[in-house]
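Here are a few exercises to work through with the model open in your viewer. Try each task before you read its solution.

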Amino acid sequence: MSERPAETVIDPYEVDDARPLPDRIRHRFPIFEQRVYINSCSQGALSNAVRASYQQYLADWDEHGAPWEYWVERQEAARAAFAGLINADADEVAVTTSLSAGVSALASGLRFARRSKVVLTDWEFPTIGQIWHAQEARGARVVHAHEADDGTIPLDHFERLIDEDTLLVSITHVCYRNGAMSDVRNIVDLAHERGAYVLLDVYQSIGSLPVDVKELGVDFLGAGVLKYLLGSAGLGFFYCRRELVEKVWPTATGWFADQNIFEMDHTDYSPATTASRFQSGTPPIPAIYAGIAGMELMKEIGIAETRQHVLELHGRLIDGLDELKATLVTPRAPERRGALMCVKSTDVPALVAALEREGIVTSERDSNLRLSPHAYNTAEDVDTVLAALRRQRRLLA
């Protein structure tokens with residue numbers, strides 16, 4: 001009797017480089033079995049890898065009871081993974097519960113005696129503005145660089161505000177309301193010429209395009225894994241350039257910010273000599289499991305390839321919106337926009353609800369419909385969205 005040929009086992013996670021990007025990865029995101037998900041600016045689609053990571057967290061808890069040493073190792077793995085994404089060293093990265101936690105630690109550690117001005121923009125997410133305006137009680141003087149009529153914030157708006165009294169320039173990489181991208185490198189160069197530090201909020205960009213802290217030259221950076229890094233809520237990261245770590249003395253602190261967390265010393269404040277000094281209390285262990293899974297998945301997918309793919313989808317989307325004579329709020333130049341594209345609406349809550357009824361998940365801000373394709377979206381997704389918008393043309397401005 002002849003031997004039966006061995007069965008070919010197909011690995012569902014195997015990457016076939018010859019296939020289009022969405023075809024290689026879309027099966028990992030079950031939501032596409034029932035919806036068109038084009039809302040990664042709010043939250044990345046749930047992958048089977050992230051779902052499995054939560055199951056692993058529960059299994060570890062069940063098996064070991066209180067595996068704190070292993071959980072601390074998971075925190076270090078998350079720190080290293082994020083550092084690799086932004087071309088930083090692990091000791092320049094703090095693991096936080098949110099972007100707000102990291103920026104608040106920074107703000108608490110700055111002094112506003114010698115220099116008092118903080119420069120923001122009209123594009124900041126509320127948490128950034130609120131944190132810096134809260135420092136006015138401690139002597140900070142907060143000003144805003146305003147948006148121009150063309151939807152950008154020109155460099156000369158910063159030139160008029162950044163001066164010898166400026167301590168920090170705090171900018172977002174991509175605006176959550178209109179998808180516009182800041183001219184980061186030129187802003188950084190200007191700020192540094194005038195003796196100011198720069199904080200960059202990359203929550204709305206990290207994972208959708210390459211972010212390199214060395215190339216950008218920023219001093220501080222805040223991020224989360226909720227959106228294009230495909231993690232879940234509850235995990236953030238804060239980068240501090242090594243040369244600045246010990247120049248900032250946070251007073252918003254906690255156990256995991258100490259130089260030796262297991263010393264358990266309640267009689268002294270000795271912050272870590274690394275960026276861990278920007279941490280606080282117990283780390284968000286479940287979210288760390290999910291964050292590692294999301295970052296590893298995006299590393300495998302490829303962030304640079306994702307950026308190119310998204311720009312191609314943008315081109316298709318812009319052509320369709322122009323045919324509809326819709327008002328695109330996001331800058332048309334690719335180098336001036338992130339993954340998020342925004343369209344003006346006469347009644348955006350009604351438009352989002354109408355698309356939802358058709359199985360299309362979007363979101364809205366500031367009277368704009370937000371469409372944010374990612375690596376898993378296809379040209380067919382874009383066509384489905386455009387067809388639905390054609391049926392709802394009366395709700396487009």
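**Exercise 1. A serine ahead of a helix**

Task: Find which backbone nitrogen the side chain of Ser 98 reaches at 3.0 Å, then place Ser 98 in the fold.

Solution. Keep in mind that this is a predicted model.

Step 1: The side chain of Ser 98 reaches the backbone nitrogen of Ala 101, at 3.0 Å.

Step 2: Look at the start of H4, and you'll see a side-chain oxygen of Ser 98 come to within 3.4 Å of another backbone nitrogen, that of Ser 100.

Step 3: Ser 98 sits in the loop between E2 and H4.

Step 4: Is Ser 98 buried or partly exposed? Buried would need under 20% relative accessible area. Ser 98 has 25% relative accessibility, so partly exposed is the right label.

Step 5: Now check what comes close in space. Ala 233 is 135 residues away from Ser 98 along the chain, yet their C-alpha atoms are separated by 8.2 Å.

**Exercise 2. The helix that follows**

Task: Work out how many of the 11 residues of H4 are buried, and which elements the buried ones pack against.

Solution.

Step 1: H4 spans residues 99-109. Eight of its 11 residues are buried, so call this helix mostly covered.

Step 2: Pick them out: Leu 99, Gly 102, Val 103, Ala 105, Leu 106, Ala 107, Ser 108 and Gly 109.

Step 3: Now go round the helix. Its buried residues pack against four strands, namely E2 (93-96), E6 (197-201), E7 (220-224) and E8 (236-240), and also against H5.

**Exercise 3. The seven-stranded sheet**

Task: Give the strand order of the open sheet of seven strands and name its edge strands.

Solution.

Step 1: Reading across, the order is E2-E8-E7-E6-E5-E3-E4, with mixed pairing.

Step 2: E2 and E4 are the edges, each pairing on one side only.

Step 3: On average, neighbouring strands here are turned by 20° against each other, direction ignored.

Step 4: Start at the E2 edge. E2 and E8 run antiparallel and are joined by four bridges, with Thr 96 opposite Gly 236 in E8.

Step 5: Go to the E4 edge. E3 (residues 117-121) and E4 (residues 141-145) run parallel, joined by five bridges. Leu 120 stands opposite His 144 in E4.

Step 6: Trace the connection. From E3 the chain passes through H5 (residues 126-134) to E4, a right-handed β-α-β crossover.

**Exercise 4. A threonine in E5**

Task: Decide whether Thr 166 is buried or exposed, and list what it touches.

Solution.

Step 1: Thr 166 belongs to strand E5 (residues 166-172).

Step 2: Its relative accessible area is 0%, so Thr 166 is buried.

Step 3: Leaving out residues up to four places away in sequence, Thr 166 touches Arg 115, Lys 117, Val 119, Leu 161, Gly 195 and Ala 196.

Step 4: The side chain of Thr 166 also reaches the backbone nitrogen of Asp 163, at 2.9 Å.

**Exercise 5. The small sheet**

Task: Explain why one side of E9 and one side of E11 are left without a neighbour in the sheet.

Solution.

Step 1: The sheet is open, has three strands in the order E9-E12-E11, and pairs antiparallel.

Step 2: E9 (341-344) and E11 (363-365) are at the edges with a single partner strand each, so each has one side without a neighbour in the sheet.

Step 3: From one strand to the next, the twist averages 35°.

Step 4: Three bridges hold the antiparallel pairing of E11 with E12 (residues 368-371), and Glu 364 faces Leu 369 in E12.

**Exercise 6. The nonpolar cores**

Task: Find which residues touch the most other members in the largest nonpolar core, and which helix gives the most to it.

Solution.

Step 1: Of the 66 residues in this core, the ones touching the most other members are Phe 82, Ile 86, Phe 158, Val 169, Val 218, Leu 221 and Phe 237.

Step 2: H9 (residues 285-301) gives the most, with nine residues.

Step 3: There's a second, separate core of 26 residues, which includes Leu 99, Ile 131, Leu 167 and Phe 220.

Step 4: Go back to Val 218. Not counting residues up to four places away in sequence, Val 218 touches Val 184, Val 188, Val 198, Leu 200, Val 213, Tyr 239 and Arg 241.

Definitions and conventions:
Residues numbered from 1 in each chain as written. Predicted model: local features only at pLDDT ≥ 70, side-chain atom pairs only at ≥ 80, totals over all residues. Heavy atoms only, no water. Core = buried A, V, L, I, M, F, W, Y, C linked by side-chain atoms within 4.5 Å. Buried < 20%, exposed > 50% of the residue type's maximum accessible area, 1.4 Å probe, protein only. Helix = DSSP H or I, 4+ residues; strand = E, 2+ residues; numbered from the N terminus. Contact = heavy atoms within 4.5 Å. Pairing = 2+ DSSP bridges. Right-handed = clockwise from strand over helix to strand, strands pointing away. Polar contact = N/O pair within 3.5 Å; in protein donor to acceptor, adjacent residues only side chain to side chain. Axes fitted to C-alpha atoms, helices over the stretch in contact; angles between N-to-C directions.
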